[in-house]
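Trainee: I would like a close look at one helix of this structure. What surrounds that helix, and how is the rest of the chain held around such parts?

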Amino acid sequence: MSGTLAKIAEIEAEMARTQKNKATAHHLGLLKARLAKLRRELITPKGGGGGGTGEGFDVAKTGDARIGFVGFPSVGKSTLLSNLAGVYSEVAAYEFTTLTTVPGVIRYKGAKIQLLDLPGIIEGAKDGKGRGRQVIAVARTCNLILIVLDVLKPLGHKKIIENELEGFGIRLNSKPPNIGFKKKDKGGINLTATCPQSELDTETVKSILAEYKIHNADVTLRSDATADDLIDVVEGNRVYIPCIYVLNKIDQISIEELDIIYKVPHCVPISAHHRWNFDDLLEKIWDYLKLVRIYTKPKGQLPDYTSPVVLPYCKTTVEDFCMKIHKNLIKDFKYALVWGSSVKHNPQKVGKDHTLEDEDVIQIVKK
């Protein structure tokens, strides 16, 4: 382990020393690729039977979505969790009280949302310190990450936590880079750019790919891409997760300061202790989760509005809906009747490829 850490430190030092300009872009790209590979070694230990997950970390996924809470000790993360979910999580004035992930489930707008405390993703976790690795594995499965910050010292903490998550291949509030990448058996590296590139040229692309021992591939840059973007695409193990910054302890600042905070993107100011502004927080959580609720209607009965079937926004076809209920449902499927915003007529007969929208009502007709 320490060998890898030393190599990482060495590369980081060299990158810090290197001036950024056109002449060094190529060299920096190479260093970034090496760094990405070393970091991956840290997260995924080589060889040997599993056994590396650690106690109390593989929390079974329940409910319709999972939210991970990350924050420094003593920013009020546990108070927020227990006040949101009534989950008892040991709250104490000293650091590192939360040692395992404490799950809680809240019901909101008919969806079951799992809350997880992700302890100790603090400086050095990505370098294998602490129990960071197991926590990161859980963090990567979250549908939304809440970074809890102390409103009195938010920016330093924010930067550190973002760096930790970035180092583990978690990309916050961003979309996958618009880069086409396809390995081939022969034909060398083919680079096509559909718009002007400020950082990547054929040389840099070739040297980054060579670092991964890739010598034949088609690469299409559809936006002005960076070396980091290309590395993300080649690594292929990045997760893109929405994130909300929760600024706690607003009872300790002035109204003027609060006005400024409200303008910061992805931010919600709260007081966990006084339970202030929880409605706003839950509303934003709902926006960022982008869940789609579908109500079922048995033949000849009224729709059941109490327990919707909840789907992630990227999987909302009638077939996805059927699979969520039971995989046999699609075998007997003849057509569906749908009421709601996804259809022109109410009801409308649709097939299994029809895409449903939030709060649609569906009735499945079997063969």
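Mentor: What follows starts with helix α7, then turns to a few other places in the chain.

This is a predicted model, in which local features need pLDDT of at least 70 and side-chain atom pairs pLDDT 80 or more, while totals for chains, interfaces and linings use all residues. Residues are numbered from 1 along each chain as its sequence is written, and side-chain values use heavy atoms, leaving out hydrogens and water.

The protein chain has ten helices and 16 strands (DSSP runs numbered from the N terminus: helices H or I, at least four residues; strands E, at least two). Of its 367 residues, 45% are buried (buried is under 20% relative accessible area, exposed over 50%, partly exposed in between, with a 1.4 Å probe and protein chains only). Among contacts (heavy atoms within 4.5 Å) between residues at least 6 apart in sequence, 66% join residues at least 24 apart.

Now to α7 itself, which covers residues 227–235. Seven of its nine residues are buried, so the helix is largely enclosed by the rest of the structure. The buried residues are A227, L230, I231, D232, V233, V234 and E235. Just after the helix comes G236, which takes a positive phi of about 70 degrees.

Part of the surroundings of α7 is another helix. Two packed helices are described by the angle between their axes and the distance between the axes. For α6 (residues 202–211) and α7, the axes come within 11 Å and cross at roughly 35 degrees (axes are lines fitted to C-alpha atoms over the stretch in contact, with angles from 0 to 180 degrees between N-to-C directions). On the α6 side, the contact is made by V205, I208 and L209, and on the α7 side by A227, L230, I231 and V234. Those four α7 residues are also on the list of buried ones.

Another of the buried residues of α7 is D232, and D232 has a charged partner. Side chains of opposite charge can pair when their charged atoms come close. D232 forms a salt bridge with R171, with 2.8 Å between the closest N and O atoms (a salt bridge is a side-chain nitrogen of Lys or Arg within 4 Å of a carboxyl oxygen of Asp or Glu). R171 belongs to strand β5 (residues 170–172), so this pair links distant parts of the chain, 61 residues apart. D232 and R171 are both buried. The pair also has company: salt bridges that share partners join E166, R171, D232 and R238 into one network.

The structure holds 17 salt bridges, and two others make a useful contrast in where the partners sit. In one, the side chains of E283 and K109 meet at 3.3 Å, N to O. E283 lies in helix α9 (residues 278–289) and K109 in the loop between β2 (103–108) and β3 (111–117), so this pair ties together parts that are 174 residues apart in sequence. E283 is partly exposed at 32% relative accessibility, and K109 is partly exposed as well, at 33%.

In the other, E162 pairs with K159, the closest N and O atoms being 3.7 Å apart. These two residues both lie in helix α5 (residues 154–167), three residues apart, about one turn of the helix. An α-helix has 3.6 residues a turn, so residues three or four places apart point the same way. With a relative accessible area of 12%, E162 is buried.

Return now to the stretch that precedes α6, where S198 is found in the loop between β7 (189–193) and α6. Its relative accessible area is 48%, so S198 counts as partly exposed. The C-alpha atoms of S198 and A225 are separated by 7.8 Å, although the two residues are 27 apart along the chain. Leaving aside neighbours within four places in sequence, S198 is in contact with K22 and D224.

K22 leads to helix α2 (residues 22–43), which also holds T24. T24 is buried, at 17% relative accessible area. Not counting residues up to four places away in sequence, T24 touches T18 and Q19.

Last, set α10 (residues 318–325) beside α7. In α10, V318, F321 and C322 are buried. Seen down the axis, these buried residues fall within an arc of 95 degrees, so they line one face of the helix (the arc is that of the directions from the helix axis to the C-beta atoms). What covers them includes the strands β12 (291–296), β13 (304–312), β14 (333–339), β15 (348–350) and β16 (360–366).
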